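Got your viewer open? Let's take a short walk through this one, selecting a few spots as we go.

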Amino acid sequence: MCHFTQRSSTFSFPKLCNIFWRFHHTSTSHLCSCSKTISDEKYQDPFQLGRKDLKNLYEDIKKELLVSAAELKEMCDYYFDGKGKAFRPMIVVLMARACNIHHNNSKEVQASQRSVAIIAEMIHTASLVHDDVIDDANSRRGKRTLNQIWGERKAVLAGDFILSAASVALARIGNTTIISVLTQVIEDLVRGEFLQLGSKENENERFAHYLEKTFKKTASLIANSCKAVSILGCPDPKVHEIAYQYGKNVGIAFQLIDDVLDFTSCADHLGKPTAADLKLGLATGPVLFACRQFPEMNAMIMRRFSKPGDVERARKYVLQSDGVQQTTYLAQRYCHAATREIRKLRPSPEREALVHLTEMVLMRDK
């Protein structure tokens, strides 16, 4: 399984479907092995540990978004209402502490490291605003999207403004290496969106295409943000790679579970419509795995589920297949890879919290 920890964002997985198809007859009890392997560790609540460094996070973000135009300010503040999980900033501050402790036993998060956490959340939110415009989405986090309230044009501009404010905050850190690392995230987000707009005819190429898109759209932000705080806290390139690999593997696992929840969670609980990806013409992990048992889905994938009844049929096939199980298993493999990486750091409460975070990613239901 060494493929799971490759540094490159380009995934060489042309036979990945065939590899994981072998697990079709594997006992589902293996899906619980991740929690068993870490249950004997002293539990560290990631959100509890990160709370101190994330205090006033959204207030500080709003300070970065100071603008005189009342309407633009209202739009920019819309998702920064303090009701989000702050999942990405929490990972970033925990990684910062873990790397600082590993390097010189410093238990404080530097101001520049906390700024990276703020910037990560701003980039993420700007990408959500733009995604909702592209997808013509109606709901996000249980409420109406910006584009539904203010229209597409203003929503695009609001997303641009949040991104520009994040760039200003990034420049203020004054470290060219950090600027280079985090601007890579913005490039990956754009490239990932273009990958999502395309599709592959070859079945084996589809999974590699899907994983590369997943990395660029979701995991790159977490991976590079973790790498950025490790650079600020420790001069050792090996630590930078550990931080990057942890973030990459957790980020991919997070999106894989998100793709599972699109088929298994109710809309009210998830905060957005279910089967949303199918309605957008997207073939995610559960669909690609289900394709092996229901080859008739290939035609639907190529026409992006555009014919009447395609979405309902595809959803039925996925739920009748082991696509959800196999995607969950794949997410578990990525979480195992993340755990192996972070355990290379010196023991600390933050390190253990990051280990347990991988279990939370697998167990989340929204």
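Is Ala86 buried or exposed? Select Ala86 and take a look: this residue is buried, because its relative accessible area is 10%, and anything under 20% counts as buried. Keep in mind, here and at every other stop, that you are looking at a predicted model.

**Stop 1: around Ala86**

While Ala86 is selected, check where you are: you're in the loop between H5 and helix H6, which covers 87-104. There's an oddity here too. Ala86 has a positive phi of about 55 degrees, although it is not a glycine.

**Stop 2: the helix before that loop**

Now select residues 70-77 to light up helix H5, and pick out Asp77 inside it. Asp77 has 16% relative accessibility, so it counts as buried. Who does Asp77 touch? Leaving out residues up to four places away in sequence, show Lys62 and Leu65, and you have its contacts.

**Stop 3: another positive phi**

Jump to Phe305. You'll land in the loop between helix H16 (297-302) and helix H17 (310-320). Phe305 has a phi near 55 degrees, again a positive value in a residue other than glycine. Phe305 counts as buried because its relative accessibility is 5%.

**Stop 4: inside helix H7**

Next, select residues 111-135, which make up helix H7. Click on Ile123, which sits in this helix. With 3% relative accessibility, Ile123 counts as buried. So what is packed around it? Not counting residues up to four places away in sequence, Ile123 touches Leu163, Ala166, Leu182, Val185, Ile186, Leu189 and Leu221. Try drawing a distance from Ile123 to Val185: they are 62 residues apart in sequence, but C-alpha to C-alpha they are 8.5 Å apart in space.

**Stop 5: out to the surface**

Stay on helix H7 and move to Ile134, which is also placed there. Is this one buried too? Ile134 has 45% relative accessibility, so it counts as partly exposed.

Now add Val190, Phe194 and Leu197 to your selection. Together with Ile134 they make a nonpolar surface patch of about 420 Å². Which helix gives the most to this patch? Colour residues 176-197 to see: helix H10 does, with three residues.

Notes. Residues are numbered from 1 along each chain as its sequence is written. This is a predicted model: local features need pLDDT of at least 70, side-chain atom pairs count only at pLDDT 80 or more; totals for chains, interfaces and linings use all residues. Side-chain values use heavy atoms; hydrogens and water are left out. Patches are made of residues with over 30% relative accessible area and no salt bridge: like charges are joined within 9 Å, nonpolar side chains (Val, Leu, Ile, Met, Phe, Trp, Tyr) within 5 Å. Accessible areas come from the Shrake-Rupley method with a 1.4 Å probe; for residues, only the protein chains shown count as cover. A salt bridge is a side-chain nitrogen of Lys or Arg within 4 Å of a carboxyl oxygen of Asp or Glu. Helices (H or I, at least four residues) and strands (E, at least two) are DSSP runs, numbered from the N terminus. Buried means under 20% relative accessible area, exposed over 50%, partly exposed in between (1.4 Å probe, protein chains only). Contact means heavy atoms within 4.5 Å.
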